[in-house]
Amino acid sequence: MNKIKLIPYRTEQILQEAQEFPTGVKMIEAQSLWDRTSQGKGSVVAVIDTGCQKDHPDLENRILGGYNFTDDYEGDETNYDDNNGHGTHVAGTIAAIDNELGVIGVAPQANLLILKVLSGEGSGQYDWIINAIDYAINWKGPQGERVRVISMSLGGPEDAEEMHQVVKKAVNQGISVVCAAGNEGDGRENTYEYAYPGCYNEVIQVGAIDTQREITDFTNTNDEIDLVAPGVNVLSTYIEGKYARLSGTSMATPHVSGGLALIIPLVEAQFQRSMSEPEIFSQLIKRTLPLGYSKSAEGNGLLMLSLTDKLEELFSTYTTAIK
C-alpha cells in the first residue's frame, strides 16, 4: 500500500513578523460570530498533520495536548513538534491568537489537539492516520473536553477500508471530519480527481478558491466536494516562530475546521442540546454562498459564516415591509 502524504502545496513567502489580519479569515467573515461564540471557546479541533510548534507565540496557549504516531524523534510519542511547517500553518489558520505581532485564526479561542502522523518529509503510513483518528475519538481533555472536529490536510490515492471505518466511527460519535480535496486538479471541472480520505462521503471535503472567489486551477474536482474556502496566499503561523504564505487545498481546509469550531457552540446554545454530526453539517452548509461553478468544483459554495444572519435580517425587513 502506498504511503499517505501531505496534499502538495506551494510556499509563497516566509516572514519574520506578520501583523496582518489574514485575508481568508476576512473572506469567510469569521469575526461575525466571534462575540456570540467567545471566538470558539470550548471547541477542540484535532489537527492530524506534521505536528505543531508548541511554543509558537500565536499558538502556545491554544494547545491542550498531542501525540506523535510517526518514527520521527526516534518514535518519542510525547514529541509532536513540527519539523516540516505544514501542521503549524494549518493550526494557525484554525486557532492562532492575536498577539499584535502575528496573525489571528478563524476561531482564536478554540483549543487544539496536535496529532503528528506525517514525518518531516511529509509522508506517513496509513495505520498512523487510522490510529490518530481513533485516538481523537477517545481523547478526553483535562476538563473533560472532547474533540468535535478533525482537520486533515493530507491524502493518498488508495481507499483503505480500515481508514474508512474509523472515519465513520468518528462521524457516528459526533465528530466532524474535514479533509482537503487535493491539488491534482487540471483546471477542468468535468474531469474528476480523487484522494482519500477526502472522497469518503462521510467527510467534509474542501476545495480551494483564490482571493477573487475564483476556483483555483490546482484544486481537485469530484462528486464529493462539499464546499470551498480560501486557499491561495494564505497567511498563517510557521515553524521557528515565523509566519508564511502558503497555497493549496491544505490551506482551505482549516478555514472550514475553524468555522465549525465557531458554529458548534453557536447552534448548540441556540438549540440547548448536543447536536449530531449530520445536524452540524446542515448548519455548515446553510452558511455557504454559491459562486456559479459546477457542484463538482465548488460543492455548495464558499463558506460564509455571516450568511444566516444576513438572510434573517433580509427576511425580517421583508416581513416588516409587507405588514
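## Worked exercises on a predicted model

Glutamate 279 and arginine 273 meet in a salt bridge, with 2.7 Å between their closest N and O atoms. The model behind these exercises is a predicted one, and each solution goes step by step through its geometry.

### Exercise 1: Salt bridges

Test the pair glutamate 279 and arginine 273 against the salt-bridge cut-off, and then describe how accessible the two residues are.

*Solution.* Start with the general idea: side chains of opposite charge can pair when their charged atoms come close. The cut-off here asks for a side-chain nitrogen of Lys or Arg within 4 Å of a carboxyl oxygen of Asp or Glu. The closest N and O atoms of glutamate 279 and arginine 273 are 2.7 Å apart, and the pair forms a salt bridge.

For accessibility, partly exposed is the class between under 20% (buried) and over 50% (exposed). Glutamate 279 has a relative accessible area of 26% and is therefore partly exposed. Arginine 273, at 38%, also counts as partly exposed.

Now widen the view. By this rule the model holds eight salt bridges. One of them joins aspartate 134 to lysine 169, at 2.8 Å from N to O. This pair links distant parts of the chain, 35 residues apart: aspartate 134 sits in helix α4 (residues 126-138) and lysine 169 in helix α5 (residues 161-172). Aspartate 134 is partly exposed at 26%, and lysine 169 is partly exposed at 32%. Another pair is aspartate 186 with arginine 188, where the closest N and O atoms lie 3.2 Å apart; here aspartate 186 is partly exposed at 36%.

### Exercise 2: Backbone angles

Find what is unusual in the backbone at glutamine 19, at serine 38 and between tyrosine 196 and proline 197.

*Solution.* Recall the background first: most residues other than glycine have a negative phi, and most peptide bonds are trans.

Take glutamine 19. Its phi is near 50°, a positive value in a residue other than glycine. Glutamine 19 belongs to the loop between β2 (10-15) and α1 (23-27). With 52% relative accessibility, glutamine 19 is exposed.

Next comes serine 38, where phi is again positive, near 50°, in a residue other than glycine. Serine 38 is in the loop between α2 (34-37) and β3 (44-49). Its relative accessibility of 43% makes serine 38 partly exposed.

Finally, check omega. The peptide bond joining tyrosine 196 and proline 197 is cis, with omega about 15°. Proline 197 lies in the loop between β9 (176-180) and β10 (204-209).

### Exercise 3: The surroundings of β5

Decide whether strand β5 (residues 111-116) is enclosed by the rest of the structure or open, and identify the strands that pair with β5.

*Solution.* Count the buried residues. Six of the six residues in β5 are buried, so the strand is largely enclosed by the rest of the structure. Then look at both faces: Asn111, Leu113 and Leu115 point one way, while Leu112, Ile114 and Lys116 point the other way, and all are buried.

Now turn to the pairing. β3 runs parallel to β5, joined to it by six bridges, and isoleucine 48 stands opposite leucine 115 in β5. Strand β4 (residues 63-68) also runs parallel to β5, with five bridges between the two; glycine 65 stands opposite leucine 113 in β5.

Last, follow the connection. β4, helix α3 (residues 86-95) and β5 make up a β-α-β unit that is left-handed.

### Exercise 4: An open sheet and helix α3

Work out which strands stand at the edges of the open sheet β2-β13-β12, and describe the packing of α3 on this sheet and against α6.

*Solution.* The sheet has three strands in the order β2-β13-β12, and the pairing is antiparallel. β2 and β12 (234-237) stand at the edges with a single partner strand each, so one side of each has no neighbour in the sheet. From one strand to the next, the twist averages 30°. Between β2 and strand β13 (residues 243-247) there are five bridges, and leucine 15 stands opposite tyrosine 243 in β13. α3 packs on the sheet, where it touches β12 and β13, and its direction makes about 100° with that of β12.

For the second contact, α3 packs against helix α6 (residues 249-271) at an angle of about 35°, with the axes 8 Å apart. The crossing of α3 and α6 is right-handed. Among the residues that meet there are His86, Val90 and Ile94 in α3, and Met251, Pro254 and Gly258 in α6.

Technical notes: Residues are numbered from 1 along each chain as its sequence is written. This is a predicted model: local features need pLDDT of at least 70, side-chain atom pairs count only at pLDDT 80 or more; totals for chains, interfaces and linings use all residues. Side-chain values use heavy atoms; hydrogens and water are left out. Helices (H or I, at least four residues) and strands (E, at least two) are DSSP runs, numbered from the N terminus. Buried means under 20% relative accessible area, exposed over 50%, partly exposed in between (1.4 Å probe, protein chains only). Two strands pair if DSSP finds at least two bridges between them. A crossover is right-handed if, with the strands pointing away from the viewer, the path from the first strand over the helix to the second runs clockwise. Axes are lines fitted to C-alpha atoms, for helices over the stretch in contact, and angles run from 0 to 180 degrees between N-to-C directions. A crossing is left-handed if the near helix is turned anticlockwise from the far one by less than a right angle, and right-handed if clockwise. Contact means heavy atoms within 4.5 Å.
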